[in-house]
Amino acid sequence: RKLFGGNMNNDEQPLTTQSIMRELQGLKEKFKGDDEMYESPYADLEKATVLQEARIFHDAKAVKDSPRSCCTTITKLLYIVAQGESLTSAELLDVFFGVTKLFQSNDASLRRMVYLFIKEVAESCDRGDVIIVTQSLTKDMNSDTDLYRANSIRVLARIVDAGMLGAIERYVKQAIVASVPLVSSSALVSASHFFESSPESANIVRRWLNEAQTALQSSSEMVQYHALTLLYQLKQHDRLGVQKLVTQLSKAGSLRSPLAVISLIRYTSKLMHDEARETAGGVADGSSELARAGYSFLEGSLRHRSELVIYEAARAICKLPGVEPQDLAPGITVLQLFLSSPRPTVRYAAIKTLSEVAVVAPMAVVKVNDDMEMLISDPNRSIATLAITTLLKTGSEQAVDRLMKQISNFMSDIGDEFKIIVVDSIKALCIKYPAKQRVLIGFLSNILREEGGYDLKKTIVDSIVFLMDAIPETKENGLLQLCEFIEDSDFTALSTIILHLIGNLGPETSAPARYIRFIYNRVILENAQVRAAAVTALAKFGARVPSLRVSILSLLQRSLQDEDDEVRDRSNIAVDVLSKAIAENDYADTEEDVPTLTDSAAFLLLEPLPMSFDMLQRSLDKYTSAPGALDSPDPINFSTLPIVEDIIEEAPKPDSSAQAPILGSQAAAAPAAVDPAADIYAMPELAHLGRVFRSSAAVELTETETEYVIKCVKHVFEAHVVLQFKVLNTVDTQRLDNVTMALEGESDTLTVTGEVPCESIKYGDTGSCYTVLDRDTSVGIGPSAFSCELHFQAVGVDPNTGEEEGDSYEEEYAVEDLEISTSDFIAKVNVGDFRRSWEQLGNTCEVLQKFALSFRSVEDAAENVIKYFGMAACDGTATVKNPAKPHMLHLSGVFVGGKAVMVRAQVTKTPEGVVLKVAVRSEDEEVSKQVAECVA
């Protein structure tokens, strides 16, 4: 009472925890300056001075009479090492040997400092030098002083290898079963370090199993914990052994250490998770003996005297895979009690676990809602944030309005990182209760207009955009809220994103004209980047809404004299296009306010390019690389440009024996993408075949360790397939002449009609020979297989000079069979908007198929389905986010002949295996059938 303000009058408030915390905070602020003025006594140490002081270690009399001075010197040495000061090998060796002489002193504090120093510098010293102290440490390990025994074992664990471990094994085993807890615990911890140090040491430690089991019966809690940890380490790869250990200990109840019981709970939980993972669907089988015994042990641990054990058991129950809601009840009840704990750590742990449970079983947490609402005003903001997000996951639709009012008072007191968590939860709640979208969107917009950083604002904008796409009813409300935000936005990137969104969605709303004011305000008030985005948005409104064209044209004309080049260029294009569209089209008598199919403004301003600018550049490069392309009288348009795939062949890495490029030179830059068809165009014999449609990735026909390493690249033409066989000669005594590849096989569509041999391949060189296949275009494409055999003239050469010596002879070399599948005739081309392109193709030529696949997981099945079709995965569908649910693949490509083809493939995991449902659309029904058969 005197400390916090003298005597307390009758009318004064009594002391509470909150008032004491306020007084302590005031005292902290008062003496804050004193803390800042404090300096470490070792702050100005110099290495040379400390090394000079370390010479005291060599004075036996000083060591005996002044052990405290030696302790201070060791402390200084450790300080300068910890601060990053590097000691030379000679300095480190001198100091290390000086420290070893301190073993002559019997002072306990000095001996502990010696142990600490040896542990810290052991890794920096040479292994041979460190071994010198082993004898002294071994002597201490057999000492009558328990402190010496325990610490010497810990130090030995840092410096002893497998060879020396065998020599001290007997002493360590004796220490493990010692009656002194300090010694036994130190030996057990050291045994764990020995086990992890090397496989040889691990084999020695495995012989200490009996000693570890004896230590497990110790009366010391810490010894029990360390013994159990070591036993699990020894048996962790023996599942039956771990299961036996867990079963025995859980039934016996002999563990008195709370930490040991926590470890046992974790081992039990892991066994139950592993068993569930091996069953179909990854759901625990509650009828198994392990599941019953494990759950019984976890439930019994909820009545332990230690709060740590109770929480760990409740957490383990809540995380059991496939657990039924009624089985969660004991764990949820315990966590509910922890929510009212006076300790913030306990409340945080409980609410965090409940938040995780609410994701998978929200109804099981509903009964805790009243307790969680009490935590919204918790002084710990982390706890309050978790309480809010959990309530948003478990709350009913009727409670949404009340929750929003409670959260509104809370949001101003938390930082942006917590607000982002709340925003994500509100987005999920809006998806759950679409009828409350107006309330939730309004709440998000209020946060959006308040002070906050870029990450928070972007999260809110992304959430509103996501909700607009997921819930069509939120479109107009969300657009208006975003329009209000850009009126006062300080973030250029967000303003441009929102303007782009308004330009795309605004014309489709019931009253497009209401958005023009918001857009034009950005034209006259913002920076150049935002002005350019606003001009583009206005142009889109003019293109989509003919009735607004005259008004928008007058607004755009004011930007023709803008000081920024980009804004002027966009304005000029938009004004020119809209002016011509107004002159060409008369919409006065039309009822619907939409452009016609022949409207030039709608086509030029709204239709995207068939390919990206990067792909357009690559396509033009491929076009010009073909022989005679620039002499052709045919006009260049998108239909005549060659197809460009999303995956590009990279230039081969240089040979490891080649000279390394100079740093910073052009040769050191990343390898540029090359056109695989360039080799074809360089062959005059193949010029008559025309332009290459696509080239496959190289297929290896031999192992990389064989004498001839052969790869094949399949070049697909309109009516031909050229097989390029790349042959690497690794025989230094041979030169290969007149190299060809003989193909044999039956195919309904492909026939071998010619070949181009490789004249010569020297040792270490790679040469290419070509085989030409004609394709019967009147027959559908199907899989073909050919057996391949390399034919060549082997010429003996001198490995040193490369000159011919000896005879030459005809040689044949069999390689693996080559398969040509339907997917080789499909180019991987990603479409920007899969849904729109899918609808444009229509279902006239759609083919539906269903297959049973022999894969164990959805991930493997999805990966292989993409390979089967040889098409590009769109919309990020190549990644399986939730294997437990059916996964939909969106694939797109171009079939040979320039025919677009798209696939929707649903991969579903069933108890019998994986089922694949396929829908293929293209411009030609025969193409759809051929593509659908890729999986078969």
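Select Val400, Asp401, Met404, Ile407, Ser408 and Met411 in helix α25, then Val439, Leu440, Phe443 and Ile447 in helix α27: these two sets of residues meet. By class, this contact has 8 nonpolar, 1 polar and 1 charged residues. The model is a predicted one. Now show the whole of both helices, residues 400-411 for α25 and 437-449 for α27; their axes come within 11 Å and cross at roughly 5 degrees. Angles under 35 degrees count as roughly parallel, and α25 and α27 are therefore roughly parallel to each other.

Next, select helix α28, residues 454-470. With 17 residues at 1.5 Å a residue, α28 should span 24 Å, and its end C-alpha atoms are indeed 24 Å apart. Its buried residues are Leu456, Lys457, Thr459, Ile460, Val461, Ser463, Ile464, Leu467 and Met468. To see what covers them, add α27 again, together with α26 (416-432), α29 (475-486) and α30 (492-505), which are among the covering elements.

Go to helix α5, residues 67-82. From first C-alpha to last, α5 reaches 23 Å, close to the 22 Å expected for its 16 residues. Pro67, Cys70, Cys71, Thr73, Ile74, Lys76, Leu77, Leu78 and Ile80 are buried in α5. The cover over them includes α3 (47-53), α4 (60-65), α6 (89-100) and α7 (108-121). Following α5 is Gly84, with a positive phi near 100 degrees.

Two of the buried residues of α5, Ile74 and Leu77, lead to the next stop. They are listed with Leu102, Val205, Trp208, Leu228 and Ile502 as having the most contacts inside the largest nonpolar core, a set of 183 residues. Helix α32 (residues 528-544) gives the most to this core, with 9 residues. Centre on Val205 and leave aside its neighbours within four places in sequence: Val205 is in contact with Leu165, Ala191, Phe194, Phe195, Leu230 and Leu234. For a second, separate core, of 84 residues, select Val644, Met741, Ile781 and Ile820, which are included in it.

Finish with two backbone details. Asn738 sits in strand β5 (residues 734-744). Its phi is positive, near 50 degrees, in a residue other than glycine. Asn738 is partly exposed, at 48% relative accessible area. Then move to the loop between β14 (872-873) and β15 (887-895), where Asp875 lies. Asp875 is not a glycine either, yet has a positive phi of about 60 degrees. The cut-off for exposed is over 50%, so Asp875, at 51% relative accessibility, counts as exposed.

Definitions and conventions: Residues numbered from 1 in each chain as written. Predicted model: local features only at pLDDT ≥ 70, side-chain atom pairs only at ≥ 80, totals over all residues. Heavy atoms only, no water. Axes fitted to C-alpha atoms, helices over the stretch in contact; angles between N-to-C directions. Helix = DSSP H or I, 4+ residues; strand = E, 2+ residues; numbered from the N terminus. Parallel < 35°, antiparallel > 145°, perpendicular 65-115°, else oblique. Contact = heavy atoms within 4.5 Å. Nonpolar A, V, L, I, M, F, W, Y, C, P; charged D, E, K, R; others polar. Core = buried A, V, L, I, M, F, W, Y, C linked by side-chain atoms within 4.5 Å. Buried < 20%, exposed > 50% of the residue type's maximum accessible area, 1.4 Å probe, protein only. Expected span 1.5 Å × (residues − 1).
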